[in-house]
Amino acid sequence: MTQAKIVITVRFFASVKDVAKATETRIELPVASIADDVLAHLVIQYPALKALRPYIRIAVNEAYVDGAFVLHDGDDVAIIPPVSGG
Amino acid sequence: MTRIVDDHIDVGQLLSSVVSPEAGGVDLFLGTTRNNSAGKKVVRLEYEAYTPMALTLMEEIESEIRQRWQICEIAMIHRVGIVPITEASVAIAVSSPHRKEAFEACRYAIDELKRRVPIWKKEVFEDGAVWVENAESKIKEAAEYEGKRNRR
């Protein structure tokens, strides 16, 4: 029997968007994956993200979450590099 | 009122939106684009936003201000896209019965906007470009704020 999966949408902005060369992607993760697992997955796909990782914040469905936040199928996950509004 | 626009910020309209018969003062902050950064000539600035979340967080800042200070009205506008040098990229106006509250609330609004609202600025130089990172947004105390946001 295959392990159950969830599919999430991941959005990229600013410096992260430049590294990923995309504004969004969809990734498949095991059920009960947490927000930090998304970053771990992305760092493998885009090694240049490793340098940015300590400062990246994650938002799920338009609200900041911490790394232990448990994801659900269909979640909208935004990778938020340090902001610079103003 | 919170808005994200992709053209000139109409400061007159912003000020009109905070007019109140209860107000004894209006504080206005404009963030304008500078022609230099760390000794380099800046040609232009480009802003991008995660618009729905940015608006939600600007509204959250407004509601924190209303809990903390006695103000009449507050309006916040951020511009995105290309912002030529000298033009306003952000404008905040606060009216209150007495000036102290308006000054303090306006200061809080711009400081918190720069710390947490998902908007990014790219400085374009003659020989390249860089995404700016606000120092206050890199502080890890964000965790305390994030913790209370977790809803599940």
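Two residues are in contact here if their C-beta atoms, placed from the backbone, lie within 7 Å. Hello everyone, and please keep that cut-off in mind, because in this predicted model it decides which residues count as touching.

Let's start with the two chains together. How many residues does each chain bring to the contact? Chain A gives 20 residues and chain B gives 31 residues. On the side of chain A that touches chain B, the elements giving two or more residues are α1 (14-20), β3 (57-60), β4 (63-65) and β5 (76-80) of chain A. The most comes from β4(A), with three residues. And what is that side of chain A made of? By class, there are 13 nonpolar residues, four polar and three charged.

While we are on chain A, a quick stop at A:Val70, which you'll find in the loop between β4 and β5 of chain A. Is A:Val70 buried, exposed or partly exposed? It counts as partly exposed, because it has 15 C-beta neighbours inside 10 Å, and a buried residue would need 20 or more. If you'd like a second landmark, take A:Gln45: A:Val70 is 25 residues from it in sequence and 21 Å from it in space, C-alpha to C-alpha.

Now over to chain B and its sheet. This is an open sheet of four strands with mixed pairing, in the order β1-β5-β7-β2. Why is one side of β1 (2-5) and of β2 (25-32) left without a neighbour in the sheet? Those two strands of chain B stand at the edges and each has a single partner strand, so there is nothing in the sheet on the other side. From one strand to the next, the twist averages 10 degrees.

In the middle of that order, β5 (residues 73-79) and β7 (residues 88-96) of chain B pair in the antiparallel sense over six bridges. One pair to click on is B:Ile74, whose bridge partner in β7(B) is B:Val94.

Then the helices. α2(B) packs on the sheet, where it touches β1 and β5 of chain B, and its direction makes about 150 degrees with that of β1(B). This helix, residues 51-68, has 18 residues and reaches 26 Å from first C-alpha to last, close to the 26 Å expected. Its buried residues are B:Met53, B:Ala54, B:Leu57, B:Met58, B:Ile61, B:Glu62 and B:Ile65. As a general reminder, residues three or four places apart in an α-helix point the same way, because there are 3.6 residues a turn.

Lastly, α3 (residues 99-116) of chain B lies across β2, β5 and β7 of chain B, running at about 150 degrees to β7(B). Thanks for listening!

Key: Residues are numbered from 1 along each chain as its sequence is written. Chains are lettered from A and ligands numbered from 1 in the order in which they are written. This is a predicted model: local features need pLDDT of at least 70, side-chain atom pairs count only at pLDDT 80 or more; totals for chains, interfaces and linings use all residues. The expected span of a helix is 1.5 Å times one less than its number of residues. A residue is buried if 20 or more other C-beta atoms lie within 10 Å of its own, exposed if 12 or fewer, and partly exposed in between; C-beta atoms are placed from the backbone. Two strands pair if DSSP finds at least two bridges between them. Axes are lines fitted to C-alpha atoms, for helices over the stretch in contact, and angles run from 0 to 180 degrees between N-to-C directions. Ala, Val, Leu, Ile, Met, Phe, Trp, Tyr, Cys and Pro count as nonpolar, Asp, Glu, Lys and Arg as charged, and the others, Gly among them, as polar.
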